[in-house]
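Reader: I should like a close look at a single part of this model, the sheet of one chain. Please describe how it is built and what packs on it, and then set it in the context of its surroundings.

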Number of protein chains: 2
Amino acid sequence: MNTTTMQITLQTIAEPNRFNIVELLKKGPRSVNEIVMALNIGQPQVSRHLRILSETGIVRSRTKGQMRIYSLEAQPFQDLDAWFDSFSVLWEERLDNFEDYMIDILRKEDK
Amino acid sequence: MNTTTMQITLQTIAEPNRFNIVELLKKGPRSVNEIVMALNIGQPQVSRHLRILSETGIVRSRTKGQMRIYSLEAQPFQDLDAWFDSFSVLWEERLDNFEDYMIDILRKEDK
DNA sequence: CCTTAATATACACTTAAACATATATACGTG
DNA sequence: CACGTATATATGTTTAAGTGTATATTAAGG
């Protein structure tokens, strides 16, 4: 759950096509061909994106005959889920952060 | 909460320096100079990243004299938090997705 | 084995985006 | 209004990453 790993995960799934692959795989495992047909890019591109997703541990693949079935791994999403949870202070806190900041600035100016 | 907007938010905060800015601002509002000193990049770069963060609605700025104080907006993070919550099926579900998929495949082969 | 289907890799090309540097703007203060 | 501080913008350059096309690999079936 270190931030470097999370940052890499973030960068990886931020790419539009990989984002779409992730959204598709959320519904369940899919073969490469199924992914190709769902997206609007070529097969080599899909394979390449799957490799990147695989190398960062976001997906895994299992072999079923001549097909490879890709599915999402839980861990990276669990980490990101936890990270985004930590931002809940933004909408849960009553007091205005900006005011806090101003008070702090003024205090420093005083001395 | 449409996925296109979220995708843009994702892409925006995935960039390493902007990721760092976001992590810093999570602690509270900061002036541009404070951000420059916290990060290891030049002032023009910080201003540029802040502009991008601003244009995508991730931060807002308020003017305090000659300084501009940047702070995080809640909405984009709320959206992403909700999105990542939706992945909890990955670690909450008992049954193995792969097995499901296989059963489905076999069913199709039957007919 | 030979062929086909499914998937992966190699490579040249293009482009988006970050960076460094220089310069502009805006505001406060004497 | 002149000067310093804080921040923003403009521009040329570099580089990372996606794309398209061609080709390689792997497995199944006759």
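Author: In this predicted model, the sheet of chain B is open and consists of three strands in the order β1-β3-β2, with antiparallel pairing. The edges are occupied by β1 (30–31) and β2 of chain B; each has a single partner strand, so one side of each is left without a neighbour in the sheet. Helix α2(B) packs on this sheet and touches β1, β2 and β3 of chain B. The direction of α2(B) makes about 90° with that of β3(B).

The pairing of β2 with β3 can be followed residue by residue. Strand β2 of chain B covers residues 59–64 and strand β3 of chain B covers residues 67–72; six bridges join them in the antiparallel sense. Val59(B) has Leu72(B) in β3(B) as its bridge partner, while Thr63(B) is bridged to Arg68(B) of β3(B). Two residues lie between the strands of this hairpin, and Gly65(B) adopts a positive phi near 65° there. As to the side chains, in a regular strand they alternate between the two faces of the sheet.

The sheet leads directly to the DNA. Arg68(B), the bridge partner of Thr63(B), has a polar backbone atom 3.2 Å from a phosphate oxygen of DNA strand D. Another residue of chain B, Tyr70(B), is listed among those that come nearest to DNA strand D, together with Arg18(A), Gln45(A), Gln43(B) and Ser47(B); 20 residues surround this strand. Of the atoms of DNA strand D within 4 Å of the protein, sugar and phosphate account for 60%. A base is also approached: a base nitrogen of DNA strand D lies 2.7 Å from a polar side-chain atom of Gln43(B). From chain A, His49(A) places a polar side-chain atom 3.0 Å from a phosphate oxygen of DNA strand D. At least two residues of the surface near DNA strand D come from each of α3 (32–38), α4 and β3 of chain B, and likewise from each of α2 (16–26) and α4 of chain A. By class, that surface comprises five nonpolar, 10 polar and five charged residues.

The helix that packs on the sheet, α2(B), has its own place at DNA strand C. A polar atom in the side chain of Asn17(B), either N or O, is 2.7 Å from a phosphate oxygen of DNA strand C. The elements giving two or more residues to the surface near this strand are α2 (16–26) and α4 (43–55) of chain B, with α3 (32–38), α4 (43–55) and β3 (67–72) of chain A. Around DNA strand C there are 20 residues, the closest being Gln43(A), Ser47(A), Tyr70(A), Asn17(B) and Gln45(B). Sugar and phosphate make up 62% of the atoms of DNA strand C that come within 4 Å of the protein. In chain A, an N or O atom in the side chain of Gln43(A) is 2.6 Å from a base nitrogen of DNA strand C, and one in the side chain of Ser47(A) is 2.8 Å from a phosphate oxygen of DNA strand C. The surface near DNA strand C has five nonpolar, 10 polar and five charged residues.

Definitions and conventions: Residues numbered from 1 in each chain as written. Chains lettered and ligands numbered in written order. Predicted model: local features only at pLDDT ≥ 70, side-chain atom pairs only at ≥ 80, totals over all residues. Heavy atoms only, no water. Near = heavy atom within 4 Å. Polar contact = N/O pair within 3.5 Å; in protein donor to acceptor, adjacent residues only side chain to side chain. Helix = DSSP H or I, 4+ residues; strand = E, 2+ residues; numbered from the N terminus. Nonpolar A, V, L, I, M, F, W, Y, C, P; charged D, E, K, R; others polar. Pairing = 2+ DSSP bridges. Contact = heavy atoms within 4.5 Å. Axes fitted to C-alpha atoms, helices over the stretch in contact; angles between N-to-C directions.
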